[in-house]
Amino acid sequence: ESGNAQTIEIKAKNTGGAGSQPGLRFTAPNNDNIGAVYGDVNSDSLIFATGTVERLKISPDGHVIKPTNLCLSYTASGSTNFSSGTIIYNTLVFDVNSSGAYNTSTGVFTAPVTGVYLIYHEYYAPTNSKAMTEIQKSTNGGGSFSPIKYTPRVSGDDTDYDANGCSFITQLNANDQIKIIRREGTVHINNTYTHFQVQLIQ
């Protein structure tokens, strides 16, 4: 059907620039692609696209695959101790679709869209020390942060460092910010051994 020169087309091929695939294509008045829903006859999958870019795929066995969904991981550039302030994981491991959502200078993650996020980070307590971190959230562009999660305290023994990892699920609105701060003791992070990771899960 069409209205105001916008169209919804049922197509047997050439849907949304995806090649010879059957499905629905949505176009704007100038015939630009808004998006498409089509069946991939090669993989027996159902694909959802905006413009001509695949955004979500449902596989034949029901798995939902989001190739551009936010998922990132950062680590430290080397051995670093924090006795105050924000814990900064300043070295990129990966950032799916290059979201740029984590600032390696400030240690602040900014939610690009509203959703539910899984936040995970790792740290050490040095020998004969203790360590505890705190997850903080800002809803006003970084004007102020409030604690939303205190992580478990870990204590290093008299011979070695002890490690801790903390997972936390939280709902964020677009442009909300998250940072990890040192709450107690000395927080140690190190390249390869400790990571900060965020995934948009819903």
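These are my notebook entries on what I looked up in this structure, which is a predicted model.

**Entry 1: overall make-up**

I began with the secondary structure and found 20 strands and 0 helices in the protein. I then looked up burial, and of the 202 residues 38% count as buried. The surface that the protein exposes comes to about 10500 Å², and carbon and sulfur atoms supply 47% of that area. For contacts with a sequence separation of 6 or more, I noted that residues 24 or more positions apart account for 55% of them.

**Entry 2: the largest nonpolar core**

Next I asked which residues touch the most other members of the largest nonpolar core. The core holds 27 residues, and those with the most contacts to other members are Leu70, Leu72, Tyr89, Phe109, Tyr117, Phe196 and Val198. Several strands give two or more residues to this core, among them β8 (71-75), β13 (115-125), β14 (130-138) and β20 (195-200). The largest share, 4 residues, comes from β13.

I picked out phenylalanine 196 and listed what it touches, leaving aside residues up to four places away in sequence. Its contacts include Leu72, Ser73 and Tyr74, then Tyr89, Tyr102 and Phe109, and further along the chain Ile119, Tyr120, His121 and Ile180. Leu72, Tyr89 and Phe109, which phenylalanine 196 touches, also appear in the list of core residues that touch the most other members.

**Entry 3: strands β3, β4 and β5**

I followed the chain through three strands in the N-terminal numbering, looking at how each pairs with the next. Strand β3 (residues 23-27) pairs with strand β4 (residues 33-40) in the antiparallel sense, over 5 bridges. Within this pairing, threonine 27 has asparagine 33 of β4 as its bridge partner. Strand β4 is also joined to strand β5 (residues 45-50), again antiparallel, by 6 bridges, and here alanine 36 stands opposite alanine 49 in β5.

The strands β4 and β5 form a hairpin, with 4 residues between them. In that turn I noted aspartate 44, which has a positive phi of about 55°.

**Entry 4: salt bridges**

How many salt bridges does a search of the whole structure find? The search gives 4, and I went through several of them in turn.

Lysine 130 pairs with glutamate 184, and their closest N and O atoms are 3.6 Å apart. Because lysine 130 lies in strand β14 and glutamate 184 in strand β18, this pair ties together parts that are 54 residues apart in sequence. Lysine 130 is partly exposed, at a relative accessible area of 39%.

Glutamate 134 and arginine 183 form a salt bridge as well, with 2.9 Å from N to O. This pair also links strand β14, where glutamate 134 lies, to strand β18, where arginine 183 lies, and the two are 49 residues apart. On burial the partners fall into separate classes: glutamate 134 is buried at 5% relative accessible area, whereas arginine 183 is partly exposed at 35%.

Lysine 137 and aspartate 176 meet at 3.8 Å, N to O. Lysine 137 lies in strand β14 and aspartate 176 in the loop between β17 and β18, so the salt bridge ties together parts that are 39 residues apart in sequence. Aspartate 176 is buried, with a relative accessible area of 4%. I also noted that salt bridges with shared partners join Lys130, Arg153 and Glu184 into one network.

**Entry 5: positive phi in loops**

I looked for unusual backbone angles, since most residues other than glycine have a negative phi. Asparagine 97 has a positive phi near 65° and lies in the loop between β10 (91-95) and β11 (102-103). Asparagine 128 has a positive phi near 60°, and its place is the loop between β13 and β14. Is asparagine 128 buried or exposed? At 59% relative accessibility, asparagine 128 counts as exposed.

**Entry 6: cysteines**

Last, I searched the whole structure for disulfides and found 0. I then looked up how accessible two cysteines are: cysteine 71 counts as partly exposed at 21% relative accessibility, and cysteine 166 counts as buried at 5%. The figure for cysteine 71 can be set against the cut-off, as buried means under 20% relative accessible area.

Notes: Residues numbered from 1 in each chain as written. Predicted model: local features only at pLDDT ≥ 70, side-chain atom pairs only at ≥ 80, totals over all residues. Heavy atoms only, no water. Core = buried A, V, L, I, M, F, W, Y, C linked by side-chain atoms within 4.5 Å. Buried < 20%, exposed > 50% of the residue type's maximum accessible area, 1.4 Å probe, protein only. Contact = heavy atoms within 4.5 Å. Pairing = 2+ DSSP bridges. Salt bridge = Lys/Arg side-chain N within 4 Å of Asp/Glu carboxyl O. Areas by Shrake-Rupley, 256 points an atom, 1.4 Å probe, with all protein chains shown as cover. Disulfide = S-S within 2.5 Å.
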